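Q: Could you take a close look at one part of this structure and walk me through it slowly, as I am in my first year?

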Amino acid sequence: MKIEESKITEHSGSSFSITKTDGVSKIDFGGNHWIENADYYGEMFYGDCEGCTEMKALYDGVSFDNVLIGGLGLGLLPEYAKSVKNSTVVDVIENNTELIDYVDFIDSDINIIEGDIYTYNSNKKYDLIIVDLWWYENEITDQNKSDLLANWSDNLNVGGKIILPLVLLSLN
């Protein structure tokens, strides 16, 4: 599932830009860090694509009713949770104000929280916390994992998981 292209406008800002090539939007954060508005992104990161058996296994037994996502991007993961996984609650933590202001085209029931996933505190409980903050596997340190687990483990419902899809890892 991708975002309807007519909702995405080209943008040139201080922390990212949006361009369209052959009618497909691409958000570029610089340094070869970009995301294309494509169906495969949500399917792959939720383990719904053909051949995604390892990713799919991460989600075994997990409810998608209450989901927290670290990192907004173009809104592909939160939209997928809401529209395809039929999540009742979808919260997103994002620390980039410019990006939060730009992505006004996603479902209005998706709650975007301005904050840092490492330090933001909440009393809400989630079935699933997906952390999509990094571009490369080697950027995810043991300290990152430890900090995320320490900050969010009390926010999981029974059977809930914190998943880092980039490295095919559940922290608990």
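A: A patch, in the sense used here, is made of residues with over 30% relative accessible area and no salt bridge, and nonpolar side chains are joined into one within 5 Å. In this predicted model, Trp34, Tyr40 and Met44 make a nonpolar surface patch of about 280 Å². Met44 has its place in helix H1, which covers residues 39-45, and Met44 counts as partly exposed because its relative accessibility is 34%, a value that lies between the 20% limit for buried and the 50% limit for exposed.

Trp34 leads to the strands, since Trp34 in E4 is the bridge partner of Asp28. Strand E4 (residues 34-36) pairs with E3 in the antiparallel sense over three bridges, and these two strands form a hairpin with five residues between them, where Gly30 in the turn has a positive phi of about 85 degrees.

On its own, strand E3 (residues 24-28) shows side chains that alternate: Ser25 and Ile27 point to one face and are buried, whereas Val24, Lys26 and Asp28 point to the other face and are not buried. Such alternation between the two faces of the sheet is what side chains do in a regular strand.

E3 also pairs with strand E2 (residues 17-21), again in the antiparallel sense, over five bridges, and within this pairing Lys20 stands opposite Ser25. E2 and E3 form a hairpin with two residues between them, and Asp22 in that turn has a positive phi of about 50 degrees.

Terms used: Residues numbered from 1 in each chain as written. Predicted model: local features only at pLDDT ≥ 70, side-chain atom pairs only at ≥ 80, totals over all residues. Heavy atoms only, no water. Patch = residues over 30% accessible without salt bridge, like charges linked within 9 Å, V, L, I, M, F, W, Y side chains within 5 Å. Areas by Shrake-Rupley, 256 points an atom, 1.4 Å probe, with all protein chains shown as cover. Salt bridge = Lys/Arg side-chain N within 4 Å of Asp/Glu carboxyl O. Helix = DSSP H or I, 4+ residues; strand = E, 2+ residues; numbered from the N terminus. Buried < 20%, exposed > 50% of the residue type's maximum accessible area, 1.4 Å probe, protein only. Pairing = 2+ DSSP bridges.
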